[in-house]
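Me: I am new to this structure and would love a close look at a single part of it. Could you walk me through one helix and how it sits in the chain?

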Amino acid sequence: IISPEDVALSKLRSILDKYLECPTLLDPYLEMMVSKLSLPARSIVHDLFLSQSTTTATGTDTDTGMIGNDDDDDDDDDDDDKEVGKQQQQNENETTTATVTKQLNTLMHLFSAIYAISKVRGRKYIQR
């Protein structure tokens with residue numbers, strides 16, 4: 001299955017390949033094209049960094065985040081609470097993993113588009 005992002009990237013590459021003969025024609029549009037691609041990429045990298053540093057700071061290795069009770073009468077309730085807490089933690093981890101995967105996929109497409117532009121115009125010119 002080909003994603004719409006892959007189709008768009010392929011179309012961009014085929015358009016940019018036409019400019020290999022005379023890449024200076026792209027000069028008036030380079031800054032706009034690269035900034036429209038790099039700003040969302042920068043935002044995604046920033047979000048991923050913040051989520052990673054937050055995860056590291058809070059520690060995700062905790063069992064349930066619940067405080068246990070020393071009463072012997074409530075052992076069954078504690079086990080139920082722990083099970084519910086573990087299920088909630090697993091659901092949060094799955095959601096986080098899906099979000100990170102989607103962000104990384106988007107980032108890959110953005111960087112591929114920037115690479116396609118730099119292939120035509122040259123890396124040093126794009127860096128300016």
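Reply: Here is a look at helix 3, with the whole chain as background.

This is a predicted model, in which local features need pLDDT of at least 70 and side-chain atom pairs count only at pLDDT 80 or more, while totals for chains, interfaces and linings use all residues. Residues are numbered from 1 along each chain as its sequence is written, and side-chain values use heavy atoms, with hydrogens and water left out.

The chain has four helices and zero strands (DSSP runs, H or I of at least four residues for helices and E of at least two for strands, numbered from the N terminus). Along the sequence, that reads α-α-α-α. Of the 128 residues, 23% are buried (under 20% relative accessible area, with exposed over 50% and partly exposed in between, using a 1.4 Å probe and protein chains only).

Helix 3 covers residues 75-121, and D79 belongs to it. D79 is partly exposed, with a relative accessible area of 47%.

Now go to S112, also in helix 3. S112 has a relative accessible area of 17%, so it counts as buried. Beyond its neighbours within four places in sequence, S112 is in contact with L9 and R13 (heavy atoms within 4.5 Å). As for the chain as a whole, among contacts with a separation of 6 or more, 80% are between residues 24 or more positions apart.
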